[in-house]
Structures are given as C-alpha cells and as structure tokens.
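Biologist: I'm new to this one and would like a close look at a single part of it. Could you pick out one stretch and walk me through its surroundings?

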Amino acid sequence: CSHLEKLSLRSVDRSITDESLIALGTHCTTLRSINISHSTDVTLVGLSSLVQGCTRLTTIIISQSEITTNSCMSAIATHCPQLEVLELNHCEDITAAGFNSLAAHSHRLRSVSLWYSPALTATIIRSFAVNFPHLEEFFLIYCEQITRADVVAINQEYPQMKLRIHV
C-alpha cells in the first residue's frame with residue numbers, strides 16, 4: 001500500500017484493531033485521508049502509531065470510538081502538520097487542554113466538525129478562529145455550551161469562518 005492515499009474503514013468494526021493501524025502507519029506512509037469510524041477495538045496506541053507514520057494526513061474522521069480524548073487530540077496535533085479536515089464524534093472526554101493542543105499545532109485546518117463535545121465553549125471557538133487563519137467551517141452538533149447567540153456573535157466577529165450549530 002505504498003501508494004495508498006485515501007482509506008475508509010468506516011463500519012468495519014471489530015476487524016480494525018491497533019495492529020491494523022500500526023501496520024498502516026508503518027507501510028502506508030503516503031496516506032492522506034483516513035476514516036476509522038465505528039472501529040471499537042482501536043486504542044490510542046493504534047492511533048498514535050498511525051499518525052506518527054502517516055504524517056501526510058490531511059483528513060481524519062473518527063466516530064463512535066473511545067479514543068476521542070485529549071491524548072488523541074495531542075497525537076493528531078503533534079504528528080499531522082498538514083491536517084486540513086478533522087471530524088470527531090462523541091468528544092465527551094476532550095477538554096480545553098485537548099482543543100488547545102490542536103490550536104497550538106494544526107494551523108492548516110480548514111474544516112472542523114465536532115459532535116457531542118460538552119467542554120467546547122465560545123472562548124475555545126474564538127481561539128480556533130484566531131489560531132487557524134485557513135479555517136473556513138466549524139460545524140458543531142450537540143455541543144451544549146454553545147448557544148445560538150454565541151454562533152451569531154462569533155460569525156459576526158470572524159466572518160472568514162462559517163460557524164454552524166445543530167442542537
């Protein structure tokens with residue numbers, strides 16, 4: 001898979017393990033896009049190996065997985081300098097520290113989608129708008145601390161970024 005650039009493992013479920021991601025990180029270093037949604041047997045060990053080996057990743061989609069944590073955000077931020085698109089679902093365990101790690105490293109982000117992120121605040125979104133000059137779209141679903149008034153205010157303050165919310 002030395003020329004593989006895009007891979008969707010969505011809904012493969014128990015067939016994808018840490019060993020699978022370690023192998024991808026070792027042998028598929030040209031990978032630019034990965035979707036590991038619904039991969040319930042993947043841990044931070046596998047994700048870390050994947051992003052350490054696949055430093056050209058521009059798109060990462062992780063959904064319905066226990067690995068969406070601060071450590072996940074840190075691994076992605078540290079090892080994926082070309083990241084442009086990030087979609088994370090079930091972000092209950094990501095706190096301000098995780099978002100700040102991403103803000104400190106991933107300056108090429110164009111699109112962020114976060115589902116179920118109770119720690120996300122308007123202040124964090126504003127820091128994204130400031131730290132990510134290329135950020136065009138920020139899509140939030142069920143992020144309880146963000147109100148429609150926050151969305152209106154942030155969209156007025158940062159017209160280059162389109163903030164959308166679904167409650």
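Modeller: Here is a tour of strand β4 and the parts around it, after a quick look at the whole chain.

Keep in mind that this is a predicted model. The protein has 6 helices and 7 strands, and if you read along the sequence they come in the pattern β-α-β-α-β-α-β-α-β-α-β-α-β. For 167 residues, a compact globule would have a radius of gyration near 15 Å, and the protein agrees with that because its own value is 15 Å. Along the principal axes, the C-alpha atoms fill a box of roughly 45 × 25 × 25 Å. Buried residues make up 47% of the 167. Among contacts with a separation of 6 or more, 77% are between residues 24 or more positions apart, so keep an eye out for partners from elsewhere in the sequence as we go.

Now to the close-up. Strand β4 covers residues 85–89, and L88 is found in it. Is L88 buried or exposed? It counts as buried, because its relative accessibility is 0%, and the cut-off for buried is under 20%. Which residues does L88 touch, once you leave aside its neighbours within four places in sequence? They are I62, T68, M73, I94, S113, L114 and W115. For a sense of distance, try C28: it sits 60 residues from L88 along the chain, and the two C-alpha atoms are separated by 22 Å.

Two of those partners of L88, I62 and S113, lead us on to other strands. Take I62 to begin with. It belongs to strand β3, residues 59–62, which is covered on both faces. T59 and I61 are buried on one side, while I60 and I62 are buried on the other. That fits a general habit: in a regular strand the side chains alternate between the two faces of the sheet. Strand β3 also has a parallel partner in β2 (residues 33–35), with 3 bridges joining them. In that pairing, N35 stands opposite I61.

Then there is S113, whose place is in strand β5, residues 111–115. S113 counts as buried because its relative accessibility is 10%. Not counting residues up to four places away in sequence, S113 touches L86, E87, L88 and F139.

Next, helix α4, residues 96–105. Its buried residues are G98, F99, S101, L102 and A103. What covers them includes β4 and β5, along with α3 (70–79) and α5 (122–131). In other words, our strand β4 is part of the cover for this helix.

Finally, have a look at two loops. H90 lies in the one between β4 and α4, and Y116 is found in the one between β5 and α5. Most residues other than glycine have a negative phi. H90, though, has a positive phi, near 65 degrees, and Y116 has a positive one as well, near 55 degrees. H90 counts as partly exposed because its relative accessibility is 23%. Y116 counts as partly exposed too, at 29%.

And the outside of the protein? It exposes about 7700 Å², with carbon and sulfur atoms supplying 51% of that. As for charge, there are 11 positive and 15 negative ones, and their mean positions are 9 Å apart.

Definitions and conventions:
Residues numbered from 1 in each chain as written. Predicted model: local features only at pLDDT ≥ 70, side-chain atom pairs only at ≥ 80, totals over all residues. Heavy atoms only, no water. Helix = DSSP H or I, 4+ residues; strand = E, 2+ residues; numbered from the N terminus. Rg over C-alpha atoms; globule rule 2.2 N^0.38 Å. Buried < 20%, exposed > 50% of the residue type's maximum accessible area, 1.4 Å probe, protein only. Contact = heavy atoms within 4.5 Å. Areas by Shrake-Rupley, 256 points an atom, 1.4 Å probe, with all protein chains shown as cover. Lys, Arg positive; Asp, Glu negative; His and termini not counted. Charge placed at Lys NZ, Arg CZ, Asp CG, Glu CD. Pairing = 2+ DSSP bridges.
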